[in-house]
Amino acid sequence: MYQQKSNKIIKCPAEYGLSLFSGKWKLRIFCIINDRKNIRYSDLRSELPDISDPVLSSALKELIRDELIVRERFNEMPPRTTYRLSERGESAVPILQALCRWASSIYSDGKNELAPQCSRCREDGNAAPESTDSDEGK
């Protein structure tokens with residue numbers, strides 16, 4: 001796992017909060033785990049085909065270290081491990097959904113498809129609906 005040479009001084013709680021999800025993959029991993037509730041490593045890996053095993057493993061370790069997800073090992077044969085959101089992780093979900101709604105209202109590229117978990121979030125009504133003309137000017 002990459003370690004910074006010096007500790008960054010964080011003077012803003014929002015900066016600290018955003019740093020927990022920094023990087024290309026951590027937020028995507030978090031959202032998949034939130035969507036699936038309990039997920040095995042291999043299933044998580046198949047949902048993120050462009051990620052390498054070392055990067056996925058490192059991101060999971062960081063999310064565990066920051067107490068956002070929990071790794072649960074079962075004493076079975078063959079051994080089984082699952083990942084789920086911790087209580088701290090679950091408390092971040094409404095904040096991330098609000099961020100998603102806000103970002104959806106100002107960002108539209110039309111070229112990129114939503115990730116499957118984002119589409120399901122929209123279907124559940126937890127994310128912002130597609131903008132309409134009546135939404136403008138509010």
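Here are some exercises with worked solutions on this predicted model.

**Exercise 1: Get your bearings**

Work out how many helices and strands the chain has, and in what order its elements run.

*Solution.*
- Start with the tally: there are 6 helices and 3 strands.
- Now walk along from the N terminus, and the elements read α-α-β-α-α-β-β-α-α.
- Next, look at burial: of the 138 residues in the chain, 25% are buried.
- Finally, take the contacts with a separation of 6 or more: 49% of them are between residues 24 or more positions apart.

**Exercise 2: Put the sheet together**

Find the order of the strands in the sheet, and say which strands sit at its edges.

*Solution.*
- The 3 strands line up as E1-E3-E2 in an open sheet, with antiparallel pairing.
- That leaves strand E1 (39-40) and strand E2 (69-74) as the edge strands, each pairing on one side only.
- Zoom in on E1 and strand E3 (residues 80-85): 2 bridges join them, and they run antiparallel.
- To see this pairing residue by residue, look for Ile-39, which stands opposite Tyr-83 in E3.
- Then bring in a helix: H2 packs on the sheet and touches E1, E2 and E3. The direction of H2 makes about 100 degrees with that of E3.

**Exercise 3: Visit one residue in the sheet**

Is Thr-81 buried or exposed, and which residues does Thr-81 touch?

*Solution.*
- First place the residue: Thr-81 belongs to strand E3.
- Its relative accessible area is 19%. The cut-off for buried is under 20%, so Thr-81 counts as buried.
- Now list its contacts, leaving out residues up to four places away in sequence: Ile-39, Arg-40, Tyr-41, Arg-71, Glu-72 and Arg-73.
- Compare that list with the edge strands: E1 covers 39-40 and E2 covers 69-74.

**Exercise 4: Two helices that meet**

Which words describe how H2 and H5 are set, roughly parallel or roughly perpendicular?

*Solution.*
- Begin with the geometry: H2 and helix H5 (residues 87-106) pack at an angle of about 105 degrees, and their axes are 11 Å apart.
- Angles of 65 to 115 degrees count as roughly perpendicular, so that is the description for H2 and H5.
- To see who takes part, find Leu-27, Phe-30 and Asn-34 on the H2 side. They meet Gly-89, Ala-92, Val-93 and Leu-96 in H5.

**Exercise 5: Hunt for salt bridges**

How many salt bridges does the structure hold, and which parts does the pair of Glu-62 and Lys-26 tie together?

*Solution.*
- The count is 8 salt bridges.
- One of them joins the side chains of Glu-62 and Lys-26, at 3.1 Å from N to O.
- Glu-62 lies in helix H4 (residues 53-65) and Lys-26 in helix H2 (residues 26-36), so this pair ties together parts that are 36 residues apart in sequence.
- Check the burial of this pair: Glu-62 and Lys-26 are buried.
- Asp-53 and Arg-45 also meet in a salt bridge, with 2.9 Å from N to O. Here Asp-53 is partly exposed at 39% relative accessibility, and Arg-45 is partly exposed at 24%.
- Arg-65 and Asp-66 form a salt bridge too, at 3.2 Å. Arg-65 is partly exposed at 48%, whereas Asp-66 is buried at 11%.
- There is a network as well: salt bridges link Arg-36, Asp-43 and Glu-47.

**Exercise 6: Check the cysteines**

How many disulfides are there?

*Solution.*
- A disulfide needs two cysteine sulfur atoms within 2.5 Å.
- By that rule, the count is 0.
- As for two of the cysteines, Cys-12 is partly exposed at 36% relative accessibility, and Cys-100 is partly exposed at 28%.

**Exercise 7: Spot the backbone features**

Find where the chain has a cis peptide bond, and which loops hold Lys-37 and Glu-67.

*Solution.*
- The cis bond runs from Met-77 to Pro-78, with omega near -5 degrees. Pro-78 is in the loop between E2 and E3.
- Lys-37 sits in the loop between H2 and E1. Its phi is near 70 degrees, a positive value in a residue other than glycine. At 53% relative accessibility, Lys-37 is exposed.
- Glu-67 sits in the loop between H4 and E2. Phi of Glu-67 is positive too, near 60 degrees. With a relative accessible area of 46%, Glu-67 is partly exposed.

How values were computed
Residues numbered from 1 in each chain as written. Predicted model: local features only at pLDDT ≥ 70, side-chain atom pairs only at ≥ 80, totals over all residues. Heavy atoms only, no water. Salt bridge = Lys/Arg side-chain N within 4 Å of Asp/Glu carboxyl O. Helix = DSSP H or I, 4+ residues; strand = E, 2+ residues; numbered from the N terminus. Buried < 20%, exposed > 50% of the residue type's maximum accessible area, 1.4 Å probe, protein only. Pairing = 2+ DSSP bridges. Contact = heavy atoms within 4.5 Å. Axes fitted to C-alpha atoms, helices over the stretch in contact; angles between N-to-C directions. Parallel < 35°, antiparallel > 145°, perpendicular 65-115°, else oblique.
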